[in-house]
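Dear colleague,

I am passing on the structure below, with the sequence beside it, and after it you will find my notes on what turned up when I went through it. Please read them with the structure open.

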Amino acid sequence: QVQLAESGGGLVQAGGSLRLSCAASGRIFSINAMGWYRQAPGKQRELVASITSGDSTNYADSVKGRFTISGDNAKNTVYLQMNSLKPEDTAVYYCNAAIRSSIFTVFQNYWGQGTQVTVSS
């Protein structure tokens, strides 16, 4: 089994910064990609940023230039540095990972439990 443990959410004023972390543990043979999604009340879950095992990154247009995703392959951990936060960034942020548990299995999609980020104006 695989678990994703998120940390780093909280309350911050507009213009401030937060850093989210997500560590994958359990039966991990390889990780193809990890990323962050968010879901605001009444809205659909959306991709914020993702990073592949080869360090290729992808960002939502709304966070480009403000958020930076990075990974530590040795620790199976992904980080999201969020700067210049805006009230519209308020949401529950979910970690996502495509993980293969053994050489005999395919990549499966896993989700963290979510961490609340609230940006006050």
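Val 63 touches Arg 38 and Val 48, leaving aside residues up to four places away in sequence. Please keep in mind here, and throughout, that this is a predicted model. Val 63 is found in the loop between β6 and β7, and with a relative accessible area of 0% this valine is buried, since anything under 20% is counted that way. Between Val 63 and Lys 86 there are 9.9 Å in space, C-alpha to C-alpha, while the two are 23 residues apart in sequence.

As for the chain as a whole, the protein has 11 strands and zero helices, so that from the N terminus on the elements run β-β-β-β-β-β-β-β-β-β-β. The radius of gyration of the protein chain is 14 Å, close to the 14 Å that the globule rule gives for 121 residues, and the chain is therefore as compact as a globular protein of that length. Taken along the principal axes, the box that the C-alpha atoms fill is roughly 50 × 25 × 20 Å. Of the 121 residues in the protein chain, 40% are buried, and the accessible surface comes to about 6500 Å², with 48% of it belonging to carbon and sulfur atoms. Among the contacts with a separation of 6 or more, 56% are made by residues 24 or more positions apart. With regard to charge, the chain carries 10 positive and 7 negative charges, and the mean positions of the two sets are 4 Å apart.

You may want to look next at the cysteines. The count of disulfides comes to one, and the pair that forms it is Cys 22 and Cys 95, whose sulfur atoms are 2.0 Å apart. This pair links distant parts of the chain, with Cys 22 in strand β3 and Cys 95 in strand β9 (residues 91–100), 73 residues apart. The link of Cys 22 and Cys 95 is left-handed, with -85° about the S-S bond. Cys 22 counts as buried because its relative accessibility is 0%, and Cys 95, also at 0% relative accessibility, counts as buried for its part.

Strand β3 (residues 18–26) also holds Arg 19, which is partly exposed because its relative accessible area of 46% falls between the limits of 20% and 50%. Not counting residues up to four places away in sequence, Arg 19 touches Ser 7, Gly 8, Tyr 79, Leu 80 and Gln 81. The C-alpha atoms of Arg 19 and Thr 68 are separated by 9.5 Å, the two residues being 49 residues apart along the chain.

The loop between β9 and β10 (108–111) is where Ser 102 is found, and Phe 107 lies in the loop between β9 and β10 as well. Ser 102 counts as buried, because its relative accessibility is 13%, whereas Phe 107, at 38% relative accessibility, counts as partly exposed. Leaving out residues up to four places away in sequence, Ser 102 touches Arg 27 and Phe 29, while Phe 107, with the same residues left out, touches Ser 30, Ile 31, Asn 32, Ala 98, Ile 99 and Arg 100. Phe 107 and Ala 91 are 16 residues apart along the chain, and their C-alpha atoms are separated by 27 Å.

Finally, there are two backbone angles that you may wish to look at in the viewer. Asp 55, although it is not a glycine, has a positive phi of about 70°, and this aspartate lies in the loop between β5 (46–52) and β6 (57–59). Asn 76, another residue other than glycine, has a positive phi near 50°; its place is in the loop between β7 (67–72) and β8 (77–82), and with a relative accessible area of 23% Asn 76 is partly exposed.

With best regards

Conventions
Residues numbered from 1 in each chain as written. Predicted model: local features only at pLDDT ≥ 70, side-chain atom pairs only at ≥ 80, totals over all residues. Heavy atoms only, no water. Helix = DSSP H or I, 4+ residues; strand = E, 2+ residues; numbered from the N terminus. Rg over C-alpha atoms; globule rule 2.2 N^0.38 Å. Buried < 20%, exposed > 50% of the residue type's maximum accessible area, 1.4 Å probe, protein only. Contact = heavy atoms within 4.5 Å. Areas by Shrake-Rupley, 256 points an atom, 1.4 Å probe, with all protein chains shown as cover. Lys, Arg positive; Asp, Glu negative; His and termini not counted. Charge placed at Lys NZ, Arg CZ, Asp CG, Glu CD. Disulfide = S-S within 2.5 Å.
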